[in-house]
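Below are some notes on the model you passed along, set out as numbered points. They move from strand pairing to the core and then to the charged side chains.

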Amino acid sequence: MISLHTLKDTTRTRKARKRVGRGIGSKHGKTCGRGEKGAGSRAGYKRRYGKEGGNMPLFMKLPIRGFSNVQFRREFDVINLDQIEAVFQDGETVNEQTLRDRGIISGKSHGVKLLGNGELKKKLKIQVQAISDGAREKLTRAKIAFEIAK
C-alpha cells in the first residue's frame, strides 16, 4: 500500500551535502572552502548582493532610463458590497468618512473604490470615488442610489 511516508522522488538524484572541516585529506579541511582572510572567512558573514567591496556598485553606475508613473498613481482603498452589508444599516450614507469612523479604512488614501463582491440588500446612499462595473450593475439592479465624487 502506498502511504505518504513511503513516497520517493525518483526523478532526480539527491546531491550530497559538502562535508567541510574534516581534515586536510578531505579537500575541504582547514579553511573549509572559505579562503584565507576577509569577511567571507568569518562566522556570521552575509553576502550583500550588489556590494562590490569598496567599488561603486554596478547598479549605481548605470544611467536611469525611461520614466515611471508610479509616484503619481492614485491608490484607492477598496471595499466590497458584502462588507457594506455587514456594517451599515438602512438609510445610512456610505462615504470615506463613515468608513473611517467604523474602522474599515485607515491611513492615507485617494478615495474609496467599490467592488462588486457579495450582495447589498439594504437601501443606502453611496458616495465613492470609483466603482467597478460589477458593483455598478448590482446597485442599479437593486435600485440603490450611488454617486461618484471627485
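1. In this predicted model, Lys113 has Ala130 of S5 as its bridge partner. The pairing of S3 with S5 is parallel and rests on two bridges. Both strands belong to an open sheet of three strands, ordered S1-S3-S5 and paired in parallel. S1 and strand S5 (130–131) stand at the edges of this sheet with a single partner strand each, so that one side of each has no neighbour in the sheet.

2. There is also an open sheet of three strands with the order S2-S4-S6, and its pairing is parallel. Here the edge positions are taken by strand S2 (93–94) and strand S6 (145–148), and because each has a single partner strand, one side of each is left without a neighbour in the sheet. Between S2 and S4 the parallel pairing runs over two bridges, and Val94 has Ile126 in S4 as its bridge partner.

3. Ile126 deserves a second look, as it connects the sheet with the core. Within the largest nonpolar core, which has 17 residues, Ile126 is among those with the most contacts, together with Ile84, Leu114, Leu120 and Leu139. Helix H2 (81–87), S3, S4 and H4 are the elements that give two or more residues to this core. If neighbours within four places in sequence are left aside, the contacts of Ile126 include Val94, Leu114, Leu120 and Leu139, and also Ile144, Ala145, Phe146 and Glu147.

4. Which side chain of opposite charge is nearest to the buried Asp77, and how far away is it? It is Arg100, at 4.7 Å, and Asp77 has no salt bridge; because a salt bridge requires the nitrogen and the carboxyl oxygen to be within 4 Å, a distance of 4.7 Å does not qualify. Asp77 lies in strand S1 (residues 77–80), and its side chain makes a polar contact of 3.1 Å with the side chain of Ser109. Beyond its neighbours within four places in sequence, Asp77 is in contact with Ile105, Ser106, Ser109, Gly111, Val112 and Lys113.

5. Arg100 does form a salt bridge with Glu96, at 3.0 Å from N to O. Both residues lie in helix H3 (residues 96–101), where a spacing of four residues corresponds to about one turn of the helix. Glu96 is partly exposed at 22% relative accessibility, and Arg100 is likewise partly exposed, at 27%.

6. How many salt bridges does a search of the whole structure find? The search gives seven, and two others may be set beside the pair in H3. Lys138 and Glu119 form one of them, with their closest N and O atoms 3.9 Å apart. This pair links distant parts of the chain, 19 residues apart, with Lys138 in helix H4 (residues 133–141) and Glu119 in the loop between strand S3 (112–115) and strand S4 (125–128). Lys138 is partly exposed at 23% relative accessibility, and Glu119 is partly exposed at 42%.

7. Asp9 and Arg12 form a salt bridge as well, in which the closest N and O atoms are 3.4 Å apart. Asp9 has a relative accessible area of 47% and is therefore partly exposed, whereas Arg12, at 61% relative accessibility, counts as exposed.

Technical notes
Residues are numbered from 1 along each chain as its sequence is written. This is a predicted model: local features need pLDDT of at least 70, side-chain atom pairs count only at pLDDT 80 or more; totals for chains, interfaces and linings use all residues. Side-chain values use heavy atoms; hydrogens and water are left out. Buried means under 20% relative accessible area, exposed over 50%, partly exposed in between (1.4 Å probe, protein chains only). Lys and Arg count as positive and Asp and Glu as negative; His and the chain ends are not counted. A polar contact is a pair of N or O atoms within 3.5 Å; within protein, one must be able to donate a hydrogen and the other to accept it, and residues adjacent in sequence count only if both atoms are side-chain atoms. Contact means heavy atoms within 4.5 Å. Two strands pair if DSSP finds at least two bridges between them. A nonpolar core is a set of buried Ala, Val, Leu, Ile, Met, Phe, Trp, Tyr and Cys residues joined through side-chain atoms within 4.5 Å.
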